[in-house]
Amino acid sequence: MAEFVNVAVDGMGGDNAPFEIVKGVVEAVTESSHVKVFLTGQEDKINSELAKYTYNKEQVEVVPASEVIDMAEPPVMAIRKKKDSSLVKALNLVKEGTCDAYVSAGSTGATLVGGQVIVGRIKGVERPPLAPLIPTAEGCALLVDCGANVDARPSHLVQFAKMGSVYMESVMGVKSPKVAIVNIGAEEEKGNALVKETFPLLKNCPDIHFIGSIEARDIPAGKADVIVCEAFVGNVILKMYEGVRGIMIKKVKEGMMTSLRSKMGALLVKPALKQTLKAFDLEQYGGAPMLGLKGLVVKTHGSSKSVEIKNSILQCITFTEQNINQKIKEKITMEEN
């Protein structure tokens, strides 16, 4: 059997743990024979959920962890005090080299802190960003950063652009990905102090394909492959995406139920409409990788269902097989030289 990509999954993290987490793990190992999951959590609860499914037992290993870090707990304190939590145990598996990657729907703050403190940053990386894929008319784009660094500096954003370019080229197969910085206008002289200072740095960066500023309305059109911003702006963009999608689906359903004619039409267009709306489902892209760490750390939504957990695990296979961390390390080292 070919060597596995080993993924540590926080079995107790998230609103729907452990049942949706375990279901996602089973779906992932059923879909791919190249992954082995180390599922951390309260052994009796995890095993009780696993007993509901048929799967290759060689691909799932339960790692006992007696504690759980709640969403509302102060992240630094939780990481320090709850050494036997499912979240910390999973991160330590990456640190020790037992696992290549980590996936959790648990506390974002604890994952961000633990990623840097336990797994550690690649040498030269100033601030690891969270970088989710978001749907566009052209496929998808990488949003860097969506939640890790609210008070970023220009040098951080330059590194975000470089790491995002590596990800899009190696994982998503986009040749010479187009990089843009989020702004309130297309003109170079527009923007706040951070954008104005970062723009010329990106413009003069030889190893990325920088196309200038991008306004929020142009992001869904797919005008750029890597969307660079600090975390406050990125998080607003991401949450707006999620909100608009929810309202759009609700309104479409309401419109189709207004009359007998619309109901009959709905039956005819339902398959095509379902496929179209699926393209704007963030769950299909998996979680947000935390770029620039020594191991892969992926954060999924707190409300994640099994499909997002499954896709996040499968995402780890490509990331690991494409050796993204080494490519990021080379890109950042090139910058220092």
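**Figure 1. A lysine over an aromatic ring: Lys57 and Tyr55.** In this predicted model, Lys57 is placed over the face of Tyr55. The distance from Lys57 to the centre of the Tyr55 ring is 4.5 Å.

**Figure 2. The aromatic pair of Tyr167 and Phe319.** A pair of aromatic rings is described by the distance of the centres and the angle of the planes. Two aromatic pairs are found when the whole structure is searched. In the pair of Tyr167 and Phe319, the ring centres are 6.1 Å apart and the planes stand at 45°, so the pair is tilted. This pair links distant parts of the chain, with Tyr167 in helix α6 (residues 154-170) and Phe319 in helix α10 (residues 306-321), 152 residues apart. Tyr167 has a relative accessible area of 1% and is therefore buried. Phe319 is likewise buried, at 3%.

**Figure 3. The aromatic pair of Phe199 and Phe210.** The centres of these two rings, Phe199 and Phe210, are 5.1 Å apart, and the angle between their planes is 75°, an edge-to-face arrangement. Phe199 belongs to helix α7 (residues 193-203) and Phe210 to strand β8 (residues 209-214); the pair links distant parts of the chain, eleven residues apart. Phe199 is buried, with a relative accessible area of 6%. Phe210 has a value of 15%, and because buried means under 20%, Phe210 is also classed as buried.

**Figure 4. Surroundings of Ser306 in helix α10.** Ser306 has a relative accessibility of 7% and so counts as buried. When neighbours within four places in sequence are left aside, Ser306 is in contact with Glu20, Lys23, Gly24 and Glu27.

**Figure 5. Surroundings of Ile79 in helix α3.** Helix α3 comprises residues 75-81. Ile79 is buried, with a relative accessible area of 5%. Not counting residues up to four places away in sequence, Ile79 touches Ile69, Leu87, Val88, Ala110, Val113, Gly114 and Ile118. In sequence, Ile79 and Thr111 are separated by 32 residues, while their C-alpha atoms lie 9.0 Å apart in space.

**Figure 6. Salt bridges of Glu187, Glu188 and Asp218.** The whole structure contains 13 salt bridges. In one of them, Glu187 is joined to Lys190, and the closest N and O atoms are 3.6 Å apart. Glu187 is partly exposed, with a relative accessible area of 35%, and Lys190 is partly exposed with a value of 35%. A further salt bridge joins the side chains of Lys203 and Glu188, at 3.2 Å from N to O. This pair links distant parts of the chain: Lys203 is in helix α7, and Glu188 is in the loop between β7 (178-182) and α7, 15 residues apart. Glu188 is partly exposed, at 36%. Asp218 and Lys223 also form a salt bridge, with 3.4 Å between the closest N and O atoms. Asp218 has a relative accessibility of 19% and, because the limit for buried is under 20%, counts as buried. Lys223, at 46%, counts as partly exposed.

**Figure 7. A nonpolar surface patch of Val150, Phe232 and Val236.** Together, the residues Val150, Phe232 and Val236 have about 290 Å² of accessible area. Val236 is located in helix α8 (residues 231-256). With a relative accessibility of 46%, Val236 counts as partly exposed.

**Figure 8. Two cis peptide bonds, Ala17 to Pro18 and Val144 to Asp145.** Most residues other than glycine have a negative phi, and most peptide bonds are trans. The bond from Ala17 to Pro18 is cis, with omega near -5°. Pro18 is found in the loop between β1 (5-10) and α1 (19-31). The bond that joins Val144 and Asp145 is also cis, with omega of about 25°. Asp145 is in the loop between β6 (139-144) and α6.

**Figure 9. Positive phi values at Ser176 and Asn323.** Ser176, a residue other than glycine, has a positive phi near 50°. Ser176 is situated in the loop between α6 and β7, and its relative accessible area of 41% makes it partly exposed. Asn323 is not a glycine either, and its phi is positive at about 55°. Asn323 lies in the loop between α10 and α11 (324-336). At 42% relative accessibility, Asn323 counts as partly exposed.

How values were computed. Residues are numbered from 1 along each chain as its sequence is written. This is a predicted model: local features need pLDDT of at least 70, side-chain atom pairs count only at pLDDT 80 or more; totals for chains, interfaces and linings use all residues. Side-chain values use heavy atoms; hydrogens and water are left out. Patches are made of residues with over 30% relative accessible area and no salt bridge: like charges are joined within 9 Å, nonpolar side chains (Val, Leu, Ile, Met, Phe, Trp, Tyr) within 5 Å. Accessible areas come from the Shrake-Rupley method with a 1.4 Å probe; for residues, only the protein chains shown count as cover. A salt bridge is a side-chain nitrogen of Lys or Arg within 4 Å of a carboxyl oxygen of Asp or Glu. Helices (H or I, at least four residues) and strands (E, at least two) are DSSP runs, numbered from the N terminus. Buried means under 20% relative accessible area, exposed over 50%, partly exposed in between (1.4 Å probe, protein chains only). Rings of Phe, Tyr and Trp (its six-membered ring) pair if their centres lie within 6.5 Å; planes under 30 degrees apart count as stacked, over 60 as edge-to-face and the rest as tilted. A charge sits over a ring if NZ of Lys or CZ of Arg is within 6 Å of the ring centre and within 35 degrees of the ring normal. Contact means heavy atoms within 4.5 Å.
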